[in-house]
Amino acid sequence: MKAEFTSFFNNTHIQKKLNELERRAKATSLSARFAADKNRFDNFSIDLDGLLFDFSKNHIDADTLSTLIAGASDAGLTSLINDMFEGKKINNTEDRAVLHTALRSPPGDRPSHLSATIENAQQNMNTFSDSIRNKAWLGATGKPLTQIINIGIGGSDLGPAMAVDALSHYSDKDFEFHFVSNIDPTHIVEALAKCTPETTLLIVSSKSFSTLETLSNAKAAKNWLVSALGPDANIGKHFIGISSNIGAVTEFGIPETNILPMWDWVGGRYSLWSAIGLSLEIAIGKKGFSDFLRGGHCIDKHFRESPFENNIPVLMALISLWNSNYMDADSNAVVCYEQFLHRFVSYLQQMDMESNGKSVQRNGEPCLWKTAIPLWGGTGSDTQHSYHQLFHQGSRMVPLDFIVGANSLNPIGDQQAFLFANCLAQSKALMTGQDKNTIKQDLLNKGLSEEEAEQLSSHKEIPGNRPSNMIVYNKLTPFVLGQLVALYEHKVFVLSVLWNINAFDQWGVELGKELSGSIKSALLSNDTDLNTDASTLGLIARYKKQTS
């Protein structure tokens with residue numbers, strides 16, 4: 001349908017107004033905005049079921065926001081949101097629906113044609129996790145399996161690895177969890193070295209069950225089990241497969257009764273809500289996993305029903321678009337003041353950059369505007385002592401999302417207050433900065449000469465006027481983690497609509513996979529006739545020389 005291929009940037013009237021607002025925004029400091037509006041925090045923050053989104057420290061006002069919202073409406077955002085939840089094939093390049101949201105919906109809210117499929121899969125997942133947690137699932141020698149190795153890559157690894165770490169406070173301490181993704185043999189070898197074959201369960205996740213990295217690591221693990229338990233051992237008891245290719249899974253040696261499904265209407269980077277989250281359910285139990293799903297559904301309901309001016313994912317996306325396409329930001333950062341979220345940014349990187357790292361519109365025409373910008377970040381307060389220097393005094397403006405909890409799951413004295421203070425101080429310092437004249441006067445008061453104070457104050461000046469968002473929750477729980485993940489999922493989707501790109505394919509990943517096969521063959525054979533560039537040939541020769 002024609003409306004599907006409409007960009008935010010096609011409305012010339014809105015673009016003209018935004019260009020005017022851009023000039024005004026660049027001439028107005030954030031501090032001046034707060035001075036002019038004593039209610040700015042109240043006007044530019046939203047509280048949703050205990051999750052606070054403060055976007056007041058951005059170069060926006062009511063006029064900017066209403067214009068951005070008008071552009072989003074003109075781009076057909078409402079229609080595409082409904083299309084996604086209703087199961088229309090919005091992944092137009094692969095002719096697929098996008099229905100990861102159905103996995104976290106209550107049974108009555110799911111698309112009717114998928115309700116039984118989802119319910120059956122979730123019941124099987126619950127049965128698997130209960131059996132493992134109750135130690136009724138026994139390995140080949142009759143021992144419970146308490147060491148869990150998840151083998152996957154991309155969304156089959158980043159999601160569960162992040163979530164199990166994030167919610168490890170709630171994890172059953174009888175179990176150990178390891179996550180293996182890299183084809184570098186060190187990854188699987190080091191994980192296996194920490195485990196005992198008799199008590200190890202391997203969860204192998206691959207939609208096609210042909211992913212090179214995953215299958216190579218799964219075969220290494222299988223050989224490890226056979227070597228330790230003997231060729232006649234029933235090692236199928238030590239495996240669970242998560243895939244849509246049942247034939248390939250059973251051929252590998254995993255019994256069909258040990259297989260959980262994957263579907264083409266759930267993309268890998270959105271699959272944590274599915275059986276890919278099995279390791280998480282084993283860790284925190286059925287109730288904890290249900291709370292995680294409820295957190296995601298809370299955001300789905302808000303996203304689908306709230307007007308854009310009060311819709312957190314929509315506002316997150318519009319602010320990101322404003323900063324990147326108008327205010328000259330060339331990257332985004334997320335800093336989590338929560339040690340449990342130390343993998344969260346890595347998870348967001350795939351979600352954001354694999355989804356929106358495109359330069360072609362949904363109708364096949366090139367984008368004439370910048371699309372996704374690099375996402376990076378880490379865990380505060382460590383990041384303050386590594387790269388916040390760039391945020392405060394670098395020549396590049398980097399908008400930030402700060403994520404912080406009011407309460408710690410491991411309180412010690414006043415350390416959480418100090419952590420929270422650090423987070424707020426960074427946000428405030430980014431906004432206000434430090435004026436050169438004030439610094440100079442302070443240096444003069446300390447006895448420096450005029451020349452010394454002038455020279456040093458230039459180095460100590462902090463320009464400020466740099467935007468940030470603040471996301472605050474009470475305490476990290478499975479529900480809150482579900483909220484956070486779903487917030488960013490929908491933000492990424494909204495941006496894809498505004499940029500008129502398809503967030504749900506990843507064709508750019510495929511070329512490297514295709515080329516690696518022929519290069520591997522050349523590395524392992526005496527064939528020197530590979531038709532490729534001189535650099536690749538030279539590097540192949542170097543490998544052969546150093547491994548001969």
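Me: What makes the pairing of the Ser-468 and Ser-427 side chains a polar contact?
Reply: In this predicted model, the two side chains come to 3.1 Å. The cut-off for a pair of N or O atoms is within 3.5 Å, so the pair qualifies.

Me: Why is Ser-468 called buried?
Reply: Its relative accessibility is 2%, and buried means under 20%, so Ser-468 makes the cut. The residue sits in strand β11, residues 468-473.

Me: Which residues does Ser-468 touch, leaving out those up to four places away in sequence?
Reply: Asp-54, Lys-57, Asn-58, Leu-400, Phe-402 and Ser-427. Contact here takes heavy atoms within 4.5 Å.

Me: And Glu-256, why does that one count as exposed?
Reply: Glu-256 has a relative accessible area of 53%; exposed means over 50%, so the label fits. You'll find Glu-256 in the loop between α10 (246-252) and β7 (259-261). Sequence neighbours up to four places away aside, Glu-256 touches Ile-246 and Thr-250.

Me: How do you know that the span of α13 is close to what's expected?
Reply: Helix α13 covers residues 344-356, 13 in number, and reaches 18 Å from first C-alpha to last. At 1.5 Å a residue, 18 Å is expected too. That expectation is 1.5 Å times one less than the number of residues.

Me: Which residues of α13 are buried, and what covers them?
Reply: Among the buried ones are Phe-344, Tyr-347, Leu-348, Met-351 and Ser-355. The cover includes α7 (155-166), β8 (332-337), β9 (375-379), β10 (400-405) and α18 (478-499).

Notes
Residues are numbered from 1 along each chain as its sequence is written. This is a predicted model: local features need pLDDT of at least 70, side-chain atom pairs count only at pLDDT 80 or more; totals for chains, interfaces and linings use all residues. Side-chain values use heavy atoms; hydrogens and water are left out. Helices (H or I, at least four residues) and strands (E, at least two) are DSSP runs, numbered from the N terminus. Buried means under 20% relative accessible area, exposed over 50%, partly exposed in between (1.4 Å probe, protein chains only). A polar contact is a pair of N or O atoms within 3.5 Å; within protein, one must be able to donate a hydrogen and the other to accept it, and residues adjacent in sequence count only if both atoms are side-chain atoms.
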